[in-house]
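Let's take a walk through a protein model together. Have the structure open in front of you and follow along, one spot at a time.

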Amino acid sequence: MRLSPSNAGLRPAGPPVSRLHFIAAALLFTALSANATPKKIDVLITGGTVLTMAGPNIERGSVAIDNGRIIAVGPSADIDRSYTAMTTIRAGGMAVLPGFVNAHTHIPMTLFRGIADDRDLMDWLTHYIFPAEAKNVSPDFVKWGTRLGAAEMIMSGTTTFADMYYFESDIARETKAAGLRGVLGQTFIDFPAPDNKTWDAAVDYMRKYAREWKNDPLITPALAPHAPFTVSKEHLQQVRALATELGAPILIHVSETKDEQRQVAERTGGLTPTAYLESIGFLADDVVAAHGVWLNADDIRTMAQRKVGVAHCPESNSMLASGIAPVVDMRAAGVDVGLGTDGPAGSNNNLDMVAEAASAAGLQKIAKMDPKALSARNVLEMATVGGARALNMSDRIGTLETGKRADVIIVDLQQPKSQPVYSVESAIVYAASGSSVVTTICDGRILMRNRNVLTVNVPETLRKAKEYRDKVLASLK
Ligand SMILES: [Zn+2]
């Protein structure tokens with residue numbers, strides 16, 4: 001049937017011919033501008049192997065970035081002709097993937113790196129770390145420690161990290177200046193801390209810190225009660241209520257060591273840390289539990305039901321001989337498991353997420369006596385989208401998809417240590433390392449290009465780190 005204004009029940013408002021001309025002209029203009037005038041954008045990464053972590057890898061792929069956001073991902077042949085970029089990054093022979101998400105660390109502890117290794121956790125904490133922190137940790141200390149950690153993270157491809165430390169507002173300032181994304185947890189603990197000497201002071205600090213950083217595009221203020229055995233039941237419940245009131249997530253260590261299991265069981269009539277936290281109404285989807293080494297089958301079910309994220313820290317668990325977390329079982333139960341380096345002092349001692357991923361795979365293979373237990377692909381997922389899910393940020397980051405924030409890294413696979421490449425995931429996890437990352441972009445901002453860090457003064461930071469080593473050593477005498 002021929003459609004005319006009369007039989008369609010429409011009456012033209014003006015002369016039909018001029019209207020048609022106008023529509024035709026508009027369509028022609030749209031077609032011409034789509035073909036002839038490529039859209040101007042901020043950054044185009046082209047010609048790399050793109051691991052979107054949301055589907056199959058794209059050989060010779062491109063990622064288009066504008067205004068801090070990913071606006072297109074796909075084969076370079078399709079994408080490139082639509083854009084002209086202020087900055088074009090050629091990524092031939094390289095892997096392009098989402099920035100790593102370090103789901104658990106204590107970033108200013110970079111300045112204590114190597115201070116006391118190869119010791120039991122309790123010996124390390126009570127004889128070295130707690131005294132060194134009491135005597136040295138100040139706003140200036142966390143400033144330089146965070147700056148050093150930020151440089152290391154940028155240079156090894158981490159774009160988001162979850163932190164638990166003191167003076168977290170100062171850490172937030174440094175994190176933002178470096179251009180990184182942070183879920184930054186202010187510590188709550190039942191003894192005088194370097195920043196807040198009383199519980200009430202810590203609560204006041206948290207309220208002010210949350211107010212100051214609310215709605216910041218890069219910084220998410222969080223509450224960080226240290227652990228179920230270092231914070232009383234009443235205080236844990238206060239933290240729970242405050243987190244709900246402020247709409248801020250909670251970061252906490254849970255089931256890290258056998259000793260913690262014993263201490264919590266003694267106080268609670270035999271409960272595991274997870275069962276105890278569940279019994280006091282603490283667990284919810286805004287909680288991220290670090291370690292989870294000693295979770296039993298019931299604990300894992302509880303974590304899945306409550307949608308608690310878990311930060312698996314295989315290098316810390318190895319170095320402190322804490323044990324091997326049941327990662328395969330957690331993933332099978334639907335728990336969101338990310339990867340964390342833990343603090344870089346006595347429990348790692350670096351912030352390299354590629355090394356962490358390789359350790360995660362290795363430990364599960366040993367635990368299950370099965371080389372198929374956790375693959376290179378699985379641990380890369382944990383290092384990116386898994387961490388984003390654990391931190392409740394997967395709507396914004398963790399994959400390379402149109403509409404997500406542009407947190408993107410480029411890994412050079414042309415070095416002798418990673419050639420030849422049969423499988424790109426294997427090349428990254430088992431052969432490359434954090435230092436194979438050549439370019440790091442967070443929220444669309446280039447933080448490192450061709451190994452040149454653009455947002456941190458590295459030589460000045462290294463000088464300060466050495467000064468702090470001498471100061472810390474003197475303070476322990
Ligand atoms: Zn930790």
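## Rings that pair up

Start in helix 6 (residues 199–213), home to both Tyr205 and Tyr209, which sit 4 residues apart, or about one turn of the helix. Keep in mind that you're looking at a predicted model. The ring centres of Tyr205 and Tyr209 are 6.3 Å apart and their planes meet at 45 degrees, so this pair is called tilted. Tyr205 is buried, and Tyr209 is too.

How many aromatic pairs turn up in a search of the whole structure? The search finds 6. In one of them, Phe141 and Tyr468 have ring centres 5.3 Å apart and planes at 85 degrees, so that pair is edge-to-face. Phe141 belongs to helix 4 (residues 139–154) and Tyr468 to helix 16 (residues 458–475), so the pair ties together parts that are 327 residues apart in sequence. Phe141 and Tyr468 are both buried. Add Phe112, and ring pairs link Phe112, Phe141 and Tyr468 into a cluster.

## The zinc site

Now find the zinc ion. Which residues coordinate it? They are His104, His106 and His253, each through NE2, plus Asp342 through OD, at 2.1 to 2.3 Å. Along the sequence, these donor residues follow the spacing H-x1-H-x146-H-x88-D. Both His104 and His106 are buried.

Why is the arrangement irregular? The 4 donor atoms subtend angles of 86 to 174 degrees around the zinc ion, and that makes it irregular. To count as tetrahedral, all angles would have to lie between 85 and 135 degrees.

## Two hollow spots

The structure has 2 cavities of 30 Å³ or more. The largest cavity holds about 320 Å³ of space. Its lining takes in 26 residues, and the closest to the centre are His106, Trp124, Leu125, His226 and His253. You've met two of those names already: His106 and His253 are among the residues that coordinate the zinc ion. Helix 3 (121–136) and strand 7 (158–165) each give at least two residues to this lining, and helix 3 has the largest share, with 7 residues. By type, the lining splits into 14 nonpolar, 8 polar and 4 charged residues.

The second largest cavity has a volume of about 40 Å³. Its lining includes His104, Asp163, Met164 and Val288. Here strand 7 gives the most, with 3 residues, while strand 6 (100–105), strand 10 (250–254) and strand 11 (287–291) are among the strands that each supply at least two. This lining divides into 8 nonpolar, 1 polar and 1 charged residue.

## Odd bits of backbone

Most residues other than glycine have a negative phi, and most peptide bonds are trans. Here are some exceptions to look up.

A cis peptide bond joins Asn348 and Asn349, with omega about 0 degrees. Asn349 sits in the loop between strand 13 (337–339) and helix 13 (353–368). Another cis bond joins Gln419 and Pro420, with omega about -10 degrees, and Pro420 is in the loop between strand 14 (408–412) and helix 15 (424–431).

For positive phi, check Asn67, near 55 degrees, in the loop between strand 2 (58–66) and strand 3 (69–75). Is Asn67 buried or exposed? Its relative accessibility is 66%, so Asn67 counts as exposed. Asn392 also has a positive phi, near 60 degrees, and lies in the loop between helix 14 (376–390) and strand 14. With 42% relative accessibility, Asn392 counts as partly exposed.

Notes
Residues are numbered from 1 along each chain as its sequence is written. This is a predicted model: local features need pLDDT of at least 70, side-chain atom pairs count only at pLDDT 80 or more; totals for chains, interfaces and linings use all residues. Side-chain values use heavy atoms; hydrogens and water are left out. On a 1 Å grid over the protein atoms alone, a cavity is a set of points where a 1.4 Å probe fits but cannot get out, and a pocket is an open set with protein on both sides within 12 Å along at least five of seven lines; lining residues have an atom within 4 Å of a point. Grid points are joined across faces, edges and corners, and a volume is the space filled by probe spheres set on the points. Ala, Val, Leu, Ile, Met, Phe, Trp, Tyr, Cys and Pro count as nonpolar, Asp, Glu, Lys and Arg as charged, and the others, Gly among them, as polar. Donors are N, O and S atoms within 2.8 Å of the metal (3.2 Å for Na, K and Ca); water is not among the atoms, so sites may look incomplete. Four donors count as tetrahedral if all angles lie between 85 and 135 degrees; four count as square planar and six as octahedral if opposite donors are over 155 degrees apart and all others between 65 and 115; anything else is irregular. Buried means under 20% relative accessible area, exposed over 50%, partly exposed in between (1.4 Å probe, protein chains only). Rings of Phe, Tyr and Trp (its six-membered ring) pair if their centres lie within 6.5 Å; planes under 30 degrees apart count as stacked, over 60 as edge-to-face and the rest as tilted.
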